[in-house]
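I opened this model to look up a few strands, helices and cysteines. The entries below follow the order in which I checked them.

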Amino acid sequence: MLLFAAVLALGFNLGGYPLFDPDEGRNAEVAREMAATNDYVLPHFDGLPYLDKPIVYFASAAAVMQVLGPTETAARLPAYLFTLATLIVVVWFVRRRWGTDAGWMAALALATMPLVLAYARTTIMDSALAFCTTLAILAFWDERPVLAWAAIGLGSITKGPVAILIPLATLIPYTLLTGGKLRRLFPLAGLGVFGLVALPWFLAVSQRVPEFPHYVFVRETFERVTTKRFHRTAPFWYYLPIVPVAAFPWIVPALARLKNWRWAWLARRVNPVAQEAILLACWVLGPLLFFTLNQSKLPQYLLPLMPPFALAAARLLTRETSELGEGGGIGVGRRTYAAIAALFGIALVSLTIWLPAPISLTPGERAAIPQTALALGIALLISAGLVWYAGRPQCPRPALAVMGYALTVIAMPIVSGQLLSAVGEDRSSAAIARVIQNARPMGAETEVVGVAAFPTSLPFYLRHHVLLATANARELTSNFVIDYQEQFRRDSTSPLRPADYWRGRVRDCRTPAVFVARANDVPVRAQLDSVLPLLAVEGKYAAYGPCAASSAR
């Protein structure tokens, strides 16, 4: 019942707030164009090839959009479904290995982690990648290498070579530490299945875009790992504060028996229980070491590392009474969790009377934060009380303790609707798209021109391409387009225009046009103010126009 409640919470109000730019807006528009053109091989963004990410998530969202239409729900639904698929895989595996209670517990723990919740509701590839890597690692652990390599192949056309790295960074150290044979990880049948899954799309795109192999292996893989060209650099300790928050609250019981690490290390070659602990540790530490050394760092890279925390917590919390004393594992770490949850609960409640001044917020965000923080703070305080009370040795209440652990994250999407809407209005172009559509002359097709500005969700909400007057095409947030912009500019159908194109378009306005600039771009806005009426300033962008022959004169 708790897992069912968590699943409902993950999908609660999925389309109730606008797409967040740049990632959600861009990915949703790629899927919309794929559904509109029925081209399920080569993704496009604003009419240009978009090869920064592979095909699986775009194709999934496009298929949903052909049924539900191009909406926020359709764009986010594949991430939710991939998360549910991951939960099913976890239940299937853990029930067979550790029993029914542990299976449901592991899935519940995974479903009620903040990082899992966030990306189950986001139009981005990481939930699909986490499904593939989780299935691959568990299949390897279950001696099913062919299934594992099929999952790796699917992951490779979901988010690229990282889908190969995460399982191998887990299984190779584990195999070496436990005395296994590495060749068992690479059966010919498994490698053949990997090729059957991953190669057809790669070859089809390479035939249509010959630059693709160099781009994906050199630019997007080697340079992303070894250089700082992608502007996502961070200090080596970047992930240390993120991991506890991402896996909260289940990281507390998951690490409660960390003091036994020496026994697990010494028994790793002979004891199955110790080998389980070593695998879960390798699942976290192997990929985490790579991500730490990687020059490109983002929080969502940690999403495939959440299942081992869920499995470790479920294993401990469902251990038999005879192993851990009266109450089994329910009481383990309860004081630590109660103290942490109470501290964070009090901190959130205090936001109702005090918000840090340096934080830049819109009026809607500033109005929504106190009530959201109050609700989450109360949920954390209740959670702390439940876990502390239910874990008492003299009267253990396992179900009550598990409810306490799960409560806060289940409550998050329910109480944060107003805040998500406020953030969406600030980080999306939904509002400015409505303004542009309302300003369109009756029966006229209005062209939209970005002046060194490109809200990535604007084409999605307008349902058509947007021209971009740009010097370097960086506004499209596509490294592939930036690298080959000169080639695209030579195409007469390309949306890329010279940086000063908009000036001539304003002077010679034979058809209506609206011009979009950044709200803080003072020089451009001053020039637009002198020739066109201001339609609106919404979020980070301002719209002017529509121009017509009379207004141009």
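Which residue in E6 does Val448 stand opposite? I looked it up in the predicted model, and Val448 faces Val514.

**Entry: strand E3 and its partners**

I began with strand E3, residues 447–451. Four of the five residues of E3 are buried, so I noted the strand as mostly covered. I then listed its pairings. E3 runs parallel to E6, with four bridges between them. E3 is also parallel to E4, and there I found three bridges. Val451 has Ala469 in E4 as its bridge partner.

**Entry: the sheet as a whole**

Next I wrote down the strand order. The sheet is open and has six strands, ordered E5-E4-E3-E6-E8-E7, with mixed pairing. E5 and E7 (534–538) are the edge strands, each pairing on one side only.

I followed the E5 edge inward. Strand E4 covers residues 467–469 and is joined to E5 by two bridges, in the parallel sense. Ala469 turned up again here: its bridge partner in E5 is Arg497. Ala469 also bridges to Val451.

At the other edge I checked E7 and E8. These two are antiparallel and share four bridges, one of the partner pairs being Val537 and Ala542 in E8. What sits between E7 and E8? I found a hairpin with two residues between the strands. Gly539, in the turn, has a positive phi of about 65°.

**Entry: helices on the sheet**

I looked for helices lying against these strands. Helix H22, residues 430–439, lies across E3, E6 (513–518), E7 and E8 (541–547). Its direction is at about 165° to E7. Helix H27, residues 522–531, also packs on the sheet and touches E3, E6, E7 and E8. I noted an angle of about 150° between H27 and E6.

**Entry: the disulfide**

How many disulfides does a search of the whole structure find? I got one. The disulfide is between Cys509 and Cys547, with the sulfur atoms 1.9 Å apart. The angle about the S-S bond is 75°, and the link is right-handed. Cys509 is in the loop between helix H26 (501–507) and E6, while Cys547 is in strand E8, so the bond ties together parts that are 38 residues apart in sequence. I checked exposure too, and both Cys509 and Cys547 are buried.

I looked at two other cysteines for the record. Cys132 has a relative accessible area of 2% and is buried. Cys282 comes out at 9% relative accessibility; the cut-off for buried is under 20%, so Cys282 counts as buried.

**Entry: Ser494, beside E5**

I went back towards the E5 edge for one residue. Ser494 lies in the loop between helix H25 (485–489) and strand E5 (496–497). Is Ser494 buried or exposed? Its relative accessible area is 2%, so I recorded Ser494 as buried. The side chain of Ser494 reaches the backbone nitrogen of Leu496 at 3.1 Å. Leaving out residues up to four places away in sequence, I found that Ser494 touches Leu48 and Phe488.

**Entry: helix H7 and the loop before it**

I then turned to helix H7, residues 126–141. I tested its length: at 1.5 Å a residue, the 16 residues should span 22 Å, and the end C-alpha atoms are 22 Å apart, so the two agree. How many residues of H7 are buried? I found 16 of 16, and H7 is mostly covered. Just after H7, Glu143 has a positive phi of about 60°.

On the other side, Met125 lies in the loop between helix H6 (114–120) and H7. Met125 is buried, at a relative accessible area of 3%. Which residues is Met125 in contact with, leaving aside neighbours within four places in sequence? I listed Asn27, Lys53, Tyr57, Phe58, Thr158 and Lys159. I also noted Pro78, which is 47 residues from Met125 in sequence and 9.1 Å from it in space, C-alpha to C-alpha.

Note on methods: Residues numbered from 1 in each chain as written. Predicted model: local features only at pLDDT ≥ 70, side-chain atom pairs only at ≥ 80, totals over all residues. Heavy atoms only, no water. Buried < 20%, exposed > 50% of the residue type's maximum accessible area, 1.4 Å probe, protein only. Polar contact = N/O pair within 3.5 Å; in protein donor to acceptor, adjacent residues only side chain to side chain. Contact = heavy atoms within 4.5 Å. Pairing = 2+ DSSP bridges. Axes fitted to C-alpha atoms, helices over the stretch in contact; angles between N-to-C directions. Expected span 1.5 Å × (residues − 1). Disulfide = S-S within 2.5 Å.
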